[in-house]
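Me: I have a protein structure open and would like to learn how to read it. Could we go through it together, one feature at a time?

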Amino acid sequence: MNASRVIIFFLYMILTSIQAQDEKVLTKMERFVSNTGKIMKLENFDLPDLKASYEVLKAKVRKATIQDEVNYYLLLVKEDKYGDKSAAIAEDDLTELIKAFDELINQMENENSKSDYFENKFSTEDGFQIGYGGSGNILWFITLEKYGKSTVIFNGYADIKAIFGMAVKKIEDLKKDN
C-alpha cells in the first residue's frame, strides 16, 4: 500500500515537472501588452530588412502605449510557412544588447580558439541570443526565440550592427515627437 502511494507521488511529480517545462515564459513585450481592461495602442515603424546568409528578417520598431505608459521594442521577424518566429527586444535590453554586441565584436577580432567548434554569445532574459562561432570560418548568428528553429546565420556583423543603430535612432526620434 505504501509503495503504491510512493509510486503515485513520483508519477505526479514527474508529470507536473514536465508540464512546468512546457509553459511559455512571457517576454517583456508580452507582459506589457497583456494588460486587460485598458486601452492599448500599438504602432509599427518599418526599418530596412535585415539580410542574412539564407533568409531575410523583417525589422521594425514597435511603440506600445497603455494610458500614459509608453514602451519601445525592436521587432525582428523571420517569416515561415509554419508560423513566424520573432523577437521583441525591449528598449532597455537593446541598450545592453548593443554593449554586449560591441564586446563580442572585439572578442571576435582577437579570437584564437583551436577547438573543432565554438560559440561566443550573449542572451537576453527573453531568450534572444546573438553571437558568433564556427569550425573554421566565423559566422554570426541570431536566435530569435528560446524554442523552435529560430536561428538565423550571417556571414558578418555589419548589417546587424546597422539595424541596431537604426532602431535606437528611430526610438530617439519617436521620443522627441511626443
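**Reading the strands, turns and a helix**

Reply: Happily! Let's start at a turn: E2 and E3 form a hairpin with two residues between the strands, and in it glutamine 67 takes a positive phi near 55°. Keep in mind that this is a predicted model.

Me: Why does the sign of phi deserve a remark for glutamine 67?

Reply: The general idea is that most residues other than glycine have a negative phi. Glutamine 67 is not a glycine, yet its phi is positive, at about 55°. This residue lies in the loop between E2 and E3.

Me: Is glutamine 67 buried or exposed?

Reply: To decide, look at the relative accessible area: over 50% counts as exposed. Glutamine 67 has 58%, so it is exposed.

Me: What about glutamate 69: how does its accessibility class come out?

Reply: Values between the buried and exposed cut-offs of 20% and 50% are called partly exposed. Glutamate 69 has a relative accessibility of 46%, so it counts as partly exposed. It belongs to strand E3, where it is the bridge partner of isoleucine 66. Glutamate 69 also shows how a chain folds back: methionine 40 is 29 residues away along the chain, while the two C-alpha atoms are separated by 9.8 Å.

Me: And threonine 65, is that buried or exposed?

Reply: Threonine 65 is buried, because its relative accessible area is 16%, and the cut-off for buried is under 20%. You will find threonine 65 in strand E2. Leaving out residues up to four places away in sequence, threonine 65 touches Ile39, Met40, Lys41 and Val70.

Me: How do I read the pairing of strands, and how many bridges join E2 and E3?

Reply: Look for the direction of the two strands and for the bridges between them. Strand E2 covers residues 56-66, and it pairs with E3 in the antiparallel sense over 10 bridges. On another side of the story, E1 (residues 40-51) runs antiparallel to E2 and is joined to it by 10 bridges. E1 and E2 make a hairpin with four residues between them, and lysine 51 has valine 56 in E2 as its bridge partner.

Me: Which strand comes after E3 in this pairing, and what does the turn look like?

Reply: E3 forms a hairpin with E4, with six residues between them, and glycine 83 in the turn has a positive phi of about 135°. E4 spans residues 85-90 and pairs with E3 in the antiparallel sense over six bridges. One facing pair to find on your screen is tyrosine 73 opposite alanine 90 in E4.

Me: How many residues of E3 are buried?

Reply: A useful general idea is that side chains in a regular strand alternate between the two faces of the sheet. As for E3, residues 69-78, the strand is mostly covered, with seven of its 10 residues buried.

Me: Which residues does lysine 60 touch?

Reply: Lysine 60 sits in strand E2. Not counting residues up to four places away in sequence, it touches Asn44, Phe45, Asp46, Leu47, Tyr73, Leu74 and Leu75. Measuring by C-alpha atoms, lysine 60 and alanine 88 are 9.6 Å apart in space and 28 residues apart in sequence.

Me: Now a helix, please. Which residues of H3 are buried?

Reply: The general idea first: an α-helix has 3.6 residues a turn, so residues three or four places apart point the same way. In H3, the buried residues are Asp93, Leu94, Leu97, Ala100, Phe101, Leu104, Ile105 and Met108. They lie on the same side of H3, because they cover an arc of only 155° around the axis.

Me: What span should H3 have?

Reply: H3 has 19 residues (91-109), and at 1.5 Å a residue it should span 27 Å; the end C-alpha atoms are 27 Å apart, which agrees.

Me: How many helices and strands does the whole chain have?

Reply: The protein chain has four helices and eight strands, in the order α-α-β-β-β-β-α-β-β-β-β-α. Of its 178 residues, 34% are buried.

Me: And how confident is the prediction, as an average pLDDT?

Reply: The chain averages a pLDDT of 84, and 79% of the residues score at least 70. Over residues 9-13 the pLDDT is below 50, and this stretch has zero contacts in the model beyond near neighbours in sequence. Residues 16-23 likewise have a pLDDT below 50, with zero contacts beyond near neighbours in sequence.

Key: Residues are numbered from 1 along each chain as its sequence is written. This is a predicted model: local features need pLDDT of at least 70, side-chain atom pairs count only at pLDDT 80 or more; totals for chains, interfaces and linings use all residues. Side-chain values use heavy atoms; hydrogens and water are left out. pLDDT is the predictor's confidence in each residue, from 0 to 100. Contact means heavy atoms within 4.5 Å. Buried means under 20% relative accessible area, exposed over 50%, partly exposed in between (1.4 Å probe, protein chains only). Two strands pair if DSSP finds at least two bridges between them. The expected span of a helix is 1.5 Å times one less than its number of residues. The arc is that of the directions from the helix axis to the C-beta atoms.
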